[in-house]
Amino acid sequence: MNAADQRPSPDMRVRLGTLELRNPVMTASGTFGSGREFSDFVDLERLGAVVTKGVSMEPWPGNDSPRIAETASGMLNSIGLQNPGVERFVERDLAWLRTLDVPVVVNVSGHSTGEYARVIERIEQAGGADAYEVNISCPNVDAGGMVFGTACGPASEVTRSCRAATQRPLIVKLSPNVTDVVEIAKAVASEGADAVALINTLLGMAIDAESRRPKLARVVGGLSGPAIKPIALRMVWQVAAALDIPVVGMGGITTAEDAVEFMLAGASGVAIGTANFVDPTTTLRVIDGLTTWCRERDVARVADLIGALET
Amino acid sequence: MTGEAHTHPRSHPPVLESTPVVVNDRVAEGIGLLVLDAPLVATHVQPGQFVHLRVAEGTDFILRRPFSVHRVVGGRIEILYQVLGRGTRQMSELEQGDVIDVVGPLGNGWTLPDDASHALLVAGGLGAAPLGMWAERLAERGVAVSVAQGAPYSERLVARELFERVARRVEIATDDGSAGERGFVTGPAERLIRSGEVEVVFACGPERMQQAVANLAAAAGIPCQVSLERLMACGIGACLSCVVSTTEGLKRACVDGPVFDASTIKWESSEVPPKH
Ligand SMILES: Cc1cc2nc3c(=O)[nH]c(=O)nc-3n(C[C@H](O)[C@H](O)[C@H](O)COP(=O)(O)OP(=O)(O)OC[C@H]3O[C@@H](n4cnc5c(N)ncnc54)[C@H](O)[C@@H]3O)c2cc1C
Ligand SMILES: Cc1cc2nc3c(=O)[nH]c(=O)nc-3n(C[C@H](O)[C@H](O)[C@H](O)COP(=O)(O)O)c2cc1C
Ligand code: FES
């Protein structure tokens, strides 16, 4: 045992509105399935929260293949919110997740304002989730998704109707594909969002020069991974400075130090996405690393890092 | 196909294993053989399953790359790989003693229908990789094995010696005629299927070749399994990068495959750009 280990364990708890997490580390929607897929590698009960793959009212088939392309320090995806619909989700995934002692955040998708709220209502009937994350920022579907997240009007409308559907914590997930992310964040906050999560993927493209073809069947897709971290940090910092509600930060987080940076920029929670593909134990590595990081620097509460950026 | 062929032996859950490189040899132009000391994976892997390799350690971001386990020898796994792009180039630079991490065993492998006593293996190019261990296993079980193998030229007939050791018959086709007959592997495959001797077909190679073989088997009323490749991110069923269109809807190649009953595949689904 080294000297650092003998110092007191830091308090790792953080709050997202009324939702208390045992630590700030969550999973990023769509990169962790329903959690079960990772359960051979990760003790899910150690996570701050499991955020599930986006779910819509009816099954969605997603986009054609190829659906991914590796790019410099990241990847593009055009999965397109493939999901089996809320009924299957409730029966199979939610029922299983509820047997575990871990907060479950259900990521909600819709083609229309009404669909988001109906998905939440259906899950509420089935006993509810610990929180909902409303995805108004998916760049991979034609109708819905990012369409709602790139203008204040639709973003407000979706938030309002979801707010009416549940008393539970409502997190709205924002798109980076906008001119002013703060404006959208303020709009959803004023409609009663309890927290915002950002960033979703950045719209991008990759081309195979030899075949002169796009690498994705859908041509464009969402960029994620370490390549987007500086943009994500900047947006988290801007939004956290402008809003009174908590922020969940994500975009390229791979190490505990990345997580610390997001918290310093103002994030109360962090989510890990693409890094799970490279190392399926990333979430645990970040939790352990964050604990050690705090202990070694005599940070008594991890929450003390939130917004503690010195400028 | 009998119902039995759909039920896979319950496979062992995947593990994350740090594996030292034992051998990394060039076996032909642009093709390498990587041998990893991977006792956990080696103990549990079934023929046709694959591993997900982190081909380089370090801080540079790189997704894992999927590779079939070609053979198991003691606590070691053998991987045959073709150098195509960034990941496989990195693999070709690995040296004895380097340690890389492996997730596996993954996916569903080949299954022998209950009553089959003579199997045809059709291997196109690197499609020979997932069939090596299967050929050995079938021969051990006393199943007669015939092989149709194809490659661009003779040197690229990877695993040919293995097939010749365990199979009753190996028929070869090369694009340039440098070994066997000139032409595609579908030539010998068709003759062997039509011979009426084989009772089940296992195929791996370019998707168009697998489709052709599946059609030949269907026409002959013989069950056929194929091993499909898709670009993969997670390899464990979470990300939906790797979907395959089937008569039962979209399936994930990484957990529902990579081996599928060919009669369930909707072949119009797009394939990874062909490799050359
Ligand atoms: C289940 C499974 C088992 C596999 N087993 C083997 C094996 O035993 N031996 C072997 O050599 N290869 C195998 N592959 C293919 C192998 O994973 C790819 O060739 C490899 O990932 C390419 O990596 P790269 O970085 O070199 O190429 P990239 O730079 O990623 O791509 C270079 C070129 O290769 C093509 N490519 C990339 N991935 C694939 C793929 N999955 N299938 C076909 N083409 C691809 C790209 O479209 C591109 O044209 C398998 C694939 C799967 C899904
Ligand atoms: C394959 C893949 C699928 C995703 N699916 C969803 C989704 O269904 N809903 C959603 O809100 N975000 C989705 N995302 C976005 C991530 O949750 C996350 O916001 C983004 O990838 C940035 O984080 P990262 O760089 O750590 O991956 C997806 C990302 C990837 C890579
Ligand atoms: S590779 Fe992620 S689901 Fe198959």
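Which side chains meet in a salt bridge at 2.9 Å, N to O? Keep that in mind as you open this predicted model and walk through chain B.

Begin by colouring the domains. Chain B splits into domain 1 (15–106), domain 2 (110–227) and domain 3 (228–276). Hide domain 1 for now and keep the other two on screen.

Next, place a marker at the C-alpha centre of domain 2 of chain B and another at that of domain 3 of chain B; the two are 21 Å apart. Now select the residues in contact: domain 2 of chain B supplies eleven and domain 3 of chain B supplies twelve.

Switch to a surface view. Together, domain 2 and domain 3 of chain B bury about 1,100 Å², with 56% of that on carbon and sulfur atoms. On the domain 2 side, pick Glu207(B), Val226(B) and Ser227(B): these lose the most area to domain 3 of chain B, and together they account for 55% of what that side buries.

Stay with Glu207(B) and show its side chain as sticks. Here is the partner you were looking for: Arg230(B), whose side chain joins that of Glu207(B) in the salt bridge. One salt bridge is found across this interface, and three residue pairs are in polar contact between domain 2 and domain 3 of chain B.

Finally, return to cartoons and select helix H6 (207–220) and strand S13 (224–227) of chain B, the elements that each give two or more residues to the domain 2 side facing domain 3. H6(B) gives the most, with five residues. Colour that side by residue class and you will see five nonpolar, four polar and two charged residues.

Notes:
Residues numbered from 1 in each chain as written. Chains lettered and ligands numbered in written order. Predicted model: local features only at pLDDT ≥ 70, side-chain atom pairs only at ≥ 80, totals over all residues. Heavy atoms only, no water. Domains from an automatic or database assignment. Contact = heavy atoms within 4.5 Å. Buried area = accessible area lost by both parts, 1.4 Å probe. Salt bridge = Lys/Arg side-chain N within 4 Å of Asp/Glu carboxyl O. Polar contact = N/O pair within 3.5 Å; in protein donor to acceptor, adjacent residues only side chain to side chain. Helix = DSSP H or I, 4+ residues; strand = E, 2+ residues; numbered from the N terminus. Nonpolar A, V, L, I, M, F, W, Y, C, P; charged D, E, K, R; others polar.
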